Amino acid sequence: YTRALSYRSLKQSSYNRTGGNADRWQIEPGATQEVFQASGPGIISHIWFTIAAPGLHHLKEIVLRMYWDGSSQPSVEAPVGDFFGLNLSEYVIYESEYLACSPGKSLNCYFSMPYRRSARITATNEGKQAVGAFYSNIDYMSVPALPDDSLYFHAQYRQATPCVPTTNDWRVNPDANRLLNPDGQKNYVFVETRGRGHLMGVTLGVLQNQEFWMGEGDDMIFVDDEKMPAIIGTGSEDYFLGSWNFGGRDGARGFAHHQYGAQFISLPERTGGRYLCYRWHGDNPVTFTRYLKHTMEHGHANHRADNWFSVGYWYQSEPAKDFPRLPPVEARTPQLMAVPGPGGARTPGA
């Protein structure tokens, strides 16, 4: 920053255009508010939101979408809470390298988001009540040009409510030696995309439908090969750079660091237990030239049937094409579920 900089610093916000102090937008049910629109070339460097809304699950009801260079399909589509790492529809104070939630329920994002010709960001209220106040400050740069190899930012929401288990044994799994999963074909999928780019990481919320440890699932990342993973880890808590069940049933505690964390843990290893986790690959973004699928086992060999809610974050050379259809609000709201399994439906925790 001691050298001359060639960009122009700008901001778009929800300030009151009349000069008053009502520096916010109201978003009626079913309405879409455009929160950013710019012509390029440029780079969004920081996003800050804070929201006042009567809906108990407004973090799931408000959907954030981002469009690059005039694309009709969003490259970012996620409930606003999930996008900021609050995947279980409640506010948790934490800080990471790229996402944070501060006291006062303010949401911050520091992913750089370049665009060549245009950028557009919207917030859609899919809830049944009006959002009384949506405050926004988006910092960006107008630049003379972008490097030819600049990539577009993407973020994709997914969920499984519940994940479909391979067995009805949900303990540490005494049948572990018989349950094998070398190819990861039934793993939970964080993101799947085609093109050239690199993976930056994921956020994950887990609501336990069953007793015992919800993890033990290996991360498996498929790179340019759709049949076999190129990267295989050693367990869920290991991927999120914790260890030993994050401390276990009676000793788990939340933690939040720049590149990894489990910022919220409640009722660990119990029915109704909740976990928020994130892992960034800023030290070594996972590169792909044709294809990427980032997955994780839900329990060893996918033997667990908990509710998973996630967002995958990555960059690629072209704005993404088709995302999976976003589930309706009712389906996105975390709630204990009956558990399907090889033996048929089971009640939560049964």
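Student: Leaving out residues up to four places away in sequence, which residues does H281 touch?
Tutor: Keep in mind that this is a predicted model. H281 sits in the loop between β20 (274–280) and β21 (286–288). With sequence neighbours up to four places away set aside, the residues that H281 touches are L199, M200, G201, Y239, Q259 and V286.

Student: Is H281 buried or exposed, and at what relative accessibility?
Tutor: The cut-off to use is under 20% relative accessible area for buried. H281 falls under it, so the label is buried, at a relative accessibility of 6%.

Student: Which residue's side chain makes a polar contact with the side chain of H281?
Tutor: Look through the contacts of H281, and Y239 is among them. Y239 also has R279 lying over its face, at 5.1 Å from the ring centre. The polar contact spans 2.8 Å, and the side chain that H281 meets there belongs to Y239.

Student: Which two residues touch the most other members of the largest nonpolar core?
Tutor: That core has 54 residues. Strand β5 (residues 62–68) gives the most to it, with five residues, but the two with the most contacts to other members are F83 and F111.

Student: Which residues does F111 contact, apart from neighbours within four places in sequence?
Tutor: Rings come up a lot here: F111 belongs to a cluster linked by ring pairs, whose members include F153, W280, Y313 and Y315. Those four turn up again in the contact list of F111. In full, the list reads I44, S45, Y98, L99, F153, M200, W280, Y313 and Y315.

Student: How far apart in sequence are the parts that the Y94 and Y278 pair ties together?
Tutor: The two rings form a tilted pair, 5.6 Å centre to centre with 40° between the planes. Y94 is buried at 5% relative accessible area, and Y278 is buried at 0%. Since Y94 lies in β7 (residues 94–95) and Y278 in β20, the sequence separation of the parts they tie together is 184 residues.

Student: What are the edge strands of the open sheet with the order β14-β22-β16-β17?
Tutor: The pairing in this four-stranded sheet is antiparallel. Inside the order, β16 (residues 219–223) and β22 (residues 291–296) are joined by five bridges. An edge strand pairs on one side only, and the strands that do so are β14 (188–194) and β17 (231–232).

Student: Which residue of β22 is the bridge partner of V223?
Tutor: β22 covers residues 291–296 and runs antiparallel to β16. Within β22, the partner of V223 is L292.

Student: What is omega for the peptide bond from T161 to P162?
Tutor: Most peptide bonds are trans, so a cis one is worth a look. One cis bond joins G40 and P41, with omega about 5°, and P41 is in the loop between β3 (32–39) and β4 (42–52). P162 is also in a loop, the one between β13 (152–160) and β14. The bond from T161 to P162 is cis, with omega near 0°.

Student: What is the phi of N302?
Tutor: Most residues other than glycine have a negative phi. S89 goes against that with a positive phi of about 70°, in the loop between α2 (80–83) and β7. N302 sits in the loop between β22 and β23 (307–316) and counts as buried at 1% relative accessibility. Although N302 is not a glycine, its phi is positive, at about 65°.

Terms used
Residues are numbered from 1 along each chain as its sequence is written. This is a predicted model: local features need pLDDT of at least 70, side-chain atom pairs count only at pLDDT 80 or more; totals for chains, interfaces and linings use all residues. Side-chain values use heavy atoms; hydrogens and water are left out. Helices (H or I, at least four residues) and strands (E, at least two) are DSSP runs, numbered from the N terminus. Buried means under 20% relative accessible area, exposed over 50%, partly exposed in between (1.4 Å probe, protein chains only). A polar contact is a pair of N or O atoms within 3.5 Å; within protein, one must be able to donate a hydrogen and the other to accept it, and residues adjacent in sequence count only if both atoms are side-chain atoms. Contact means heavy atoms within 4.5 Å. Two strands pair if DSSP finds at least two bridges between them. A nonpolar core is a set of buried Ala, Val, Leu, Ile, Met, Phe, Trp, Tyr and Cys residues joined through side-chain atoms within 4.5 Å. Rings of Phe, Tyr and Trp (its six-membered ring) pair if their centres lie within 6.5 Å; planes under 30 degrees apart count as stacked, over 60 as edge-to-face and the rest as tilted. A charge sits over a ring if NZ of Lys or CZ of Arg is within 6 Å of the ring centre and within 35 degrees of the ring normal.
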